Amino acid sequence: MVVPETLPALRRHYLRIVTSLLLLAAPATLAAAKTAGPPACGKPQHLNRIVGGEDSTDAEWPWLVSIQKNGTHHCAGSLLTNRWVVTAAHCFKGHPNKPALFSVLLGAWQLGNPGPRSQEVGIAWVKLHPVYSWKKGARADIALVHLEHAIQFSERILPICLPDSSVHLLPDTNCWVAGWGSIHDGVPLPNPHTLQKLKVPIIDSAVCSRLYWRGAGQGAITEDMLCAGYLEGKRDACLGDSGGPLMCQVERTWLLAGVISWGEGCAERNRPGVYISLAAHRSWVQKIVQGVQLRGHSQGSGPTGRRGRALGARRARRAARGRGV
């Protein structure tokens, strides 16, 4: 009988074939890994949400980050790439050159229970817009945060898109804000600090300029600002929401229309939230942030869907007077 000799020989033969195939496949695998780009921006992988509710759902806004100061939530921000976050410049008032005081928490839904799949990374340095003046309600209240190291994308950590030049948001277009800020003026979000969301319509810039007119030719709303919210008050962003995103969906993709900047009080009548427009500062961001993704193609629209009770009277969330610090 020769079977005892034949089986090992066949095994060795098959092993050589499998090894050859693996070696042939390896270059293709490496090439694919090298050419794989970042995930598509503005596309959450978990799309379920509580319509008209208060809490967001886990991974609903995967680009939203918590900027922590000395280990405590301080401001919010939006992830643009695996190394860059955009937020409000005033979040670093008094400490623009002390990045060691700050860190960025990504992938968290509840700050009180961020979970093992969240990531925390230090800040290498902060780039403030060159014309920002540190005054309350100043124009160009925007900053770019460079992370100490590249983060790993996941279903909970994804970038948001910037609007390209084709995007024009008309008044009454419904957008969203989200954050971990106060639920009333002086009333912090209770444990476990679940991420909140609120639908807000875009307000006509001329209307907003009249609401915030200071007299004697002193207009508070500059050309790089957007207003959104409800003239009757009761619903808005609040203290601790500074730097967070104003998000608008265009052709099923979420775009970062604005950064939460300032307002007067929290959800007061005729005092809507004021945001720094990303469209106005798109070229500045692109010069600094390599790999930021732009999307667009829609010319804007009126109200889409219900105007969302969202957070109701209890969820009065808006960045007050230089919002979040």
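**Notes on the salt bridges**

1. Let's start with a group of charged residues: D58, R117, E155 and R156 are tied together in a network of salt bridges. Keep in mind that you're looking at a predicted model. In total, seven salt bridges are counted here.

2. Now zoom in on one pair from that network. R156 and D58 form a salt bridge through their side chains, at 2.7 Å from N to O. This pair connects distant parts of the chain, with the two positions 98 residues apart. R156 sits in the loop between β6 (143–147) and β7 (162–163), while D58 belongs to the loop between α1 (3–35) and β1 (64–69).

3. R156 has another partner as well. Its side chain meets that of E155 in a salt bridge, again with an N to O distance of 2.7 Å.

4. Are these residues buried or exposed? R156 has a relative accessibility of 15%, so it counts as buried, because the cut-off for buried is under 20%. D58 comes out at 27%, so it is classed as partly exposed. E155, with a relative accessible area of 23%, is partly exposed too.

5. One more bridge to look up in the structure: K197 and E60 pair through their side chains, at 3.2 Å from N to O. Which parts of the chain does this pair link? K197 lies in strand β9 (residues 196–203), and E60 is in the loop between α1 and β1. They are 137 residues apart, so to speak at distant parts of the chain. Both K197 and E60 are buried.

How values were computed: Residues are numbered from 1 along each chain as its sequence is written. This is a predicted model: local features need pLDDT of at least 70, side-chain atom pairs count only at pLDDT 80 or more; totals for chains, interfaces and linings use all residues. Side-chain values use heavy atoms; hydrogens and water are left out. A salt bridge is a side-chain nitrogen of Lys or Arg within 4 Å of a carboxyl oxygen of Asp or Glu. Helices (H or I, at least four residues) and strands (E, at least two) are DSSP runs, numbered from the N terminus. Buried means under 20% relative accessible area, exposed over 50%, partly exposed in between (1.4 Å probe, protein chains only).
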